[in-house]
Amino acid sequence: MAVVIDDHLLLGVLAGLPSEAIAEEMQADVVYTTGCWYYRLARAVQAGSGSGSLAGRLGALGAEERERALTSLQVLPQMIGLLSYRTVVPVMAALRVRRPLNMLNAEALAVALIVDGRVRTAVSSELLRSGAQDLAIDDQTVA
């Protein structure tokens, strides 16, 4: 089984400081992220500290962890799976859920379906949770 992690959790992994819950999942499962979450994190890291929640998490890192994250974003480590949009977009377009999904949530759910995985996020999203329920995907918010 695989786990799909959001940009906040990805930051912890790339900085070498995964949350306890994600560290446990990483020992047994393949870890994926999405192109949208990867981009959002890369953009937050490049832009530096700002007022957003990702920038706040980045600002809370020590210099060594911040540098590790920046380096890892330039060349995403092989331990993090990232699927091609050639594979993901057709699945995104075919998702049938009660509430319309935005691109971020549709991509996360499509990747989870493709890799037979579950979704873990640091920030709860009612839209993602609703779609995950409709598609019988395990979705949890973890610290």
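Before I start, one definition: axes here are lines fitted to C-alpha atoms, for helices over the stretch in contact, and angles run from 0 to 180 degrees between N-to-C directions. Keep in mind that this is a predicted model.

With that, the helix pair. The axes of helix 6, residues 85-94, and helix 7, residues 103-114, come within 9 Å of each other, and they cross at roughly 105 degrees. Angles of 65 to 115 degrees count as roughly perpendicular, and helix 6 and helix 7 are therefore roughly perpendicular to each other.

Which residues meet there? From helix 6, Tyr85, Thr87, Val88, Val91 and Met92; from helix 7, Met103, Ala106, Glu107, Ala110, Val111, Leu113 and Ile114. Sorted by class, this contact has 10 nonpolar residues, 1 polar and 1 charged.

Now the sheet. It is open, has 5 strands in the order 3-2-1-4-5, and the pairing is parallel. The edges are strand 3, residues 80-81, and strand 5, residues 139-141, each of which pairs on one side only. Helix 1, residues 7-14, packs on this sheet and touches strand 1, residues 2-5, as well as strand 3 and strand 4. The direction of helix 1 makes about 105 degrees with that of strand 1.

Moving to the strand 5 edge: how many bridges join strand 4 to strand 5? There are 3, and the two strands run parallel, with strand 4 covering residues 117-121. Threonine 121 stands opposite threonine 141 of strand 5.

Last, helix 8, residues 126-134. Helix 8 lies across strand 4 and strand 5, and runs at about 150 degrees to strand 5. Angles over 145 degrees count as roughly antiparallel.

Definitions and conventions. Residues numbered from 1 in each chain as written. Predicted model: local features only at pLDDT ≥ 70, side-chain atom pairs only at ≥ 80, totals over all residues. Heavy atoms only, no water. Pairing = 2+ DSSP bridges. Helix = DSSP H or I, 4+ residues; strand = E, 2+ residues; numbered from the N terminus. Contact = heavy atoms within 4.5 Å. Parallel < 35°, antiparallel > 145°, perpendicular 65-115°, else oblique. Nonpolar A, V, L, I, M, F, W, Y, C, P; charged D, E, K, R; others polar.
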